[in-house]
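Student: Got a minute to go through this model with me? I'd like to start with one of the helices.

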Amino acid sequence: MLVKASLTEVIVCIVMGAGIVQGLLLAIILLVKRTKVPLSNTMLSLLNLSFSLVLCLNIYGILQLFHSWPGLLVWPSLVYLLLHPLLYVHVATLLGFKKKLRWSDLIHLVPLLLVLFLWWDVIFMPSQERYLFLSQPANFLGTSKMMYMHHVYLVQGLIYTTYTLVLIGRFKRYNLVRWTKVTKSQMFYLKNIFIGLFFVLLIADGAWTFENLRTLIPSLVWLVIPLVNCVLIFSVSIITLNNSNLFYKGIDLKKPSYKSKELPQAEAVKYLEQLRDLMEGNQIYLNPELTLHDISMKLNIQPRQLSKILKIQLNTNFYDYINGFRVKKAKEMIADGKHNEWSLLAIALDSGFNSKSTFNRTFKKSLGCTPSEYISEMMTKKATVMHSRGTKEANA
């Protein structure tokens, strides 16, 4: 049984049909084209395929084709649970946070399995029985199962959107010194996709989850939401054509330049204060594997610039600067009497040194004596002070 559609609904369905074709073509191109980021493009291809299926589902609902083909009821809705995980994996692989898929990635299927569990009896009903069951408003809108399913959609979308935006933020923070205009436009693409998905999530799943909100939304809005999916597909297609390097070579970052100009005095002092906060506040020098590159990434400057700051402002180099804090830490531990309980190796490791030989060599370079000699001198001075006090007390 076909239901007569309005002119607006027909136009929307035609636009969605174009979106379906566009999504399928882009999915095929991304799958067959050889690139340097194949896993990322495979995920993006599957994402476009999922978008196309979502549009098919929207046409199925708008034209009420479920009256003629009830066998497709509920099943296509499961594709919504694939959108955010696919986009997350696409971003993680494109930005280099994930090199390949592992068995642990099956955790992304948990929401899908949960919905299958909640709707097991409905999904696997004979098609005609499922049609009759869902044709009753109490079953389609009012059941706790239906609400639980949309709760899963909503929670999953919020978690994946938040975590993926965190990934993008981490990538920007770690690579800010290698940022380019091209990089900025590429990252803008990723954020735009999330803004679109987030809009669909809040309106669609939020409305289905909260009945009071659903009653406030005009029926026309339910035609706009599928169009947002079309815009997302067309946007991905246009950006793919205009930024082919993004999908064939990955994110464009300039190579680190080690011929950078010396920083102005005010900036150098600012970075030196930030470095001191990292040392004294966070005590990052306790990490024996700490490198100049690690600290420069935290400060968002180039390693060469950080090296120049230390040389010009403090007349020292990176390792002497770091080891100065480590020696100071070791002295504090010795002053607290830790040498009576711990071995010198334990004190060395707890101060950030990676071996006793390095500890001895650095300690002697800094103070002119080895740790053992320093302890002996400290004990001698303490004994002399105690003897002097005893003599004064006896004379008094």
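Student: How many residues does helix α13 have, and how far does it reach?
Tutor: Helix α13 covers residues 265-280, 16 residues. From first C-alpha to last it reaches 22 Å, close to the 22 Å expected at 1.5 Å a residue. The expected span is 1.5 Å times one less than the number of residues. Helices here are DSSP runs (H or I, at least four residues), and strands are E runs of at least two, numbered from the N terminus.

Student: Is this a predicted model, and what are the ground rules?
Tutor: This is a predicted model: local features need pLDDT of at least 70, side-chain atom pairs count only at pLDDT 80 or more, and totals for chains, interfaces and linings use all residues. Residues are numbered from 1 along each chain as its sequence is written, and side-chain values use heavy atoms, with hydrogens and water left out.

Student: Back to α13. Which residues are buried?
Tutor: Ala268, Tyr271, Leu272, Leu275, Leu278 and Met279. Buried means under 20% relative accessible area, exposed over 50%, partly exposed in between (1.4 Å probe, protein chains only).

Student: Why are they on the same side of α13?
Tutor: They cover an arc of only 115° around the axis, which puts them on the same side of α13. The arc is that of the directions from the helix axis to the C-beta atoms. An α-helix has 3.6 residues a turn, so residues three or four places apart point the same way.

Student: What's on the other side of α13, and what covers the buried residues?
Tutor: Ala266, Asp277 and Glu280 are exposed on the other side. The cover for the buried residues includes α14 (292-299), α15 (303-314) and α16 (318-335).

Student: New topic. Where does Trp103 lie?
Tutor: Trp103 is in the loop between α3 (80-94) and α4 (110-118). Trp103 is exposed, at 75% relative accessible area.

Student: And Asp105, buried or exposed?
Tutor: Asp105 is buried, with a relative accessible area of 13%. Asp105 also lies in the loop between α3 and α4.

Student: Which residues does Asp105 contact, neighbours within four places in sequence aside?
Tutor: Lys98 and Lys100. Contact means heavy atoms within 4.5 Å.

Student: Last one: Leu345. Where is its place?
Tutor: Leu345 is in helix α17, residues 344-350. Leu345 is partly exposed, with a relative accessible area of 39%. The C-alpha atoms of Leu345 and Ser355 are separated by 7.2 Å, and the two residues are ten apart along the chain.
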